[in-house]
Each structure stands twice: as C-alpha cells, then as structure tokens.
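Okay, thanks everyone for coming. I'll put the structure up and walk you through it from one end to the other.

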Amino acid sequence: MVAPFWGPTLDCPEPLRLAEFYQQLAGGELTVVTEAFVELRFDAFSLGFQRDLNYRTPTWPDPRVPQQCHLDFMAADLDAEQARIVKAGAVPTAVQPEPTTFRVFLDPAGHPFCLTTWRTPSGPSESR
C-alpha cells in the first residue's frame, strides 16, 4: 500500500500568523486552526504549521542553522509577484543566486522560500 502525500509541516513560533501569510501568498483554505497547529488546505495537498517553542530561525546561506526545507512558488512575472508578497510580509534575502529565474525570500518566521519562473511560460522548462 502507498501512503498518499498530504504535504509538509513547517515548525514556527506562531502557526496562525504563518498560515495566514502563506494563504495571502498562494490561496487555500484554513481548515484546522488550534493554538498549536494550523492546516492550510489546497486541492491536492495541505501545508501544516506547528508551534515549536524552541524554534530557531534559519540563517541561510550561513549553515549554522540550516534552512530545514524551503517551498517554491511559480510566478510568471517575478517583479509583480515580488511586490505582492513583500506587501504581505516576505523579506528578500541579501543573497540571490539566480535572480532572473529564482528569487529567495524569508517568510515571517524566517523560513527561506522562492518565487520562480521555472516551468512557467516565461521561464525555462527543462529539469533543474
């Protein structure tokens, strides 16, 4: 038997705040909201956000506290999407390894994530 993929869960100090940030970024519906856990549901998967009272913000690209995981979001227009998500609370990182294809940001809890034109009509279509 195969276990169906549900989706990743991010540790963070404030689950509802982080879930609402990602809801502004990508849509979805908040289906479970407790003090310790929030689920942001999409058609085929969910993002979970769980309270970690000992959470340490990643220091990417400095490896002292690794990024733990990161999420990629497709964007046909990087500049327009960057303006929208910065208004929602994202912070561009100082290091941008491939800014014409990928833009790296920090969410309100400090997790790195990317906007990318990869596999969009305005970006490359080959495998990374």
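**Starting with a hairpin**

So, strand 2 and strand 3 form a hairpin with three residues between them. Before I go on, a word on what you're looking at: this is a predicted model, where local features need pLDDT of at least 70, side-chain atom pairs count only at pLDDT 80 or more, and totals for chains, interfaces and linings use all residues. Residues are numbered from 1 along each chain as its sequence is written, and side-chain values use heavy atoms, with hydrogens and water left out.

When I say helix or strand, I mean a DSSP run, numbered from the N terminus: H or I and at least four residues for a helix, E and at least two for a strand. And two strands pair if DSSP finds at least two bridges between them.

Back to that hairpin. Strand 2 and strand 3, which is residues 37-41, run antiparallel and are joined by four bridges. If you want one pair to click on, take Leu30, whose bridge partner in strand 3 is Leu40.

**The whole chain**

How many helices and strands does the protein chain have? Two helices and eight strands. Reading from the N terminus, the order is β-α-β-β-β-β-α-β-β-β. As for burial, 34% of the 128 residues of the protein chain count as buried. Buried here is under 20% relative accessible area, exposed is over 50%, and partly exposed is in between, with a 1.4 Å probe and protein chains only.

**The four-stranded sheet**

Our hairpin sits in an open sheet of four strands, in the order 1-4-3-2, with mixed pairing. Strand 1 (9-12) and strand 2 (29-33) are at the edges with a single partner strand each, so each has one side without a neighbour in the sheet. On average, neighbouring strands of this sheet are turned by 20 degrees against each other, direction ignored; those angles are between N-to-C directions, run from 0 to 180 degrees, and use axes that are lines fitted to C-alpha atoms, for helices over the stretch in contact.

Strand 1 and strand 4 (residues 46-51) run parallel, with four bridges joining them. There, Leu10 stands opposite Phe49 in strand 4.

One residue to flag is Phe37, which is in strand 3. Phe37 counts as partly exposed because its relative accessible area is 23%. Phe37 is also 6.0 Å from Pro15, C-alpha to C-alpha, although the two are 22 residues apart in sequence.

**Helix 1**

Pro15 brings us to helix 1, where the buried residues are Pro15, Leu18, Ala19, Phe21, Tyr22 and Leu25. They cover an arc of only 155 degrees around the axis, so they lie on the same side of helix 1; the arc is taken from the directions from the helix axis to the C-beta atoms.

What about the length? Helix 1 covers residues 15-26, so at 1.5 Å a residue its 12 residues should span 16 Å, and its end C-alpha atoms are indeed 16 Å apart. That expected span is 1.5 Å times one less than the number of residues. After helix 1 comes Gly27, with a positive phi near 90 degrees.

**Over to strand 8**

Next is strand 8, residues 112-116, where five of its five residues are buried. Both faces are covered, with Pro112, Cys114 and Thr116 on one side and Phe113 and Leu115 on the other.

Which strands pair with strand 8? Strand 5 (residues 71-74) runs parallel to strand 8, joined by four bridges, and strand 7 (residues 102-106) pairs with strand 8 in the antiparallel sense over five bridges. Strand 7 and strand 8 form a hairpin with five residues between them, and Gly110 in the turn has a positive phi of about 95 degrees.

Thr116 is a nice meeting point: Met74 stands opposite Thr116, and so does Phe102. Thr116 is buried because its relative accessible area is 4%. Its side chain reaches the backbone oxygen of Thr101 at 3.0 Å, a polar contact, meaning N or O atoms within 3.5 Å; within protein, one must be able to donate a hydrogen and the other to accept it, and residues adjacent in sequence count only if both atoms are side-chain atoms.

**Two last bits**

For the cysteine people: there are zero disulfides, counted as pairs of cysteine sulfur atoms within 2.5 Å. Cys12 counts as buried because its relative accessibility is 0%, and Cys114 does too, at 8%.

Finally, Trp60 and Pro61 are joined by a cis peptide bond, with omega about 10 degrees. Pro61 is in the loop between strand 4 and strand 5.
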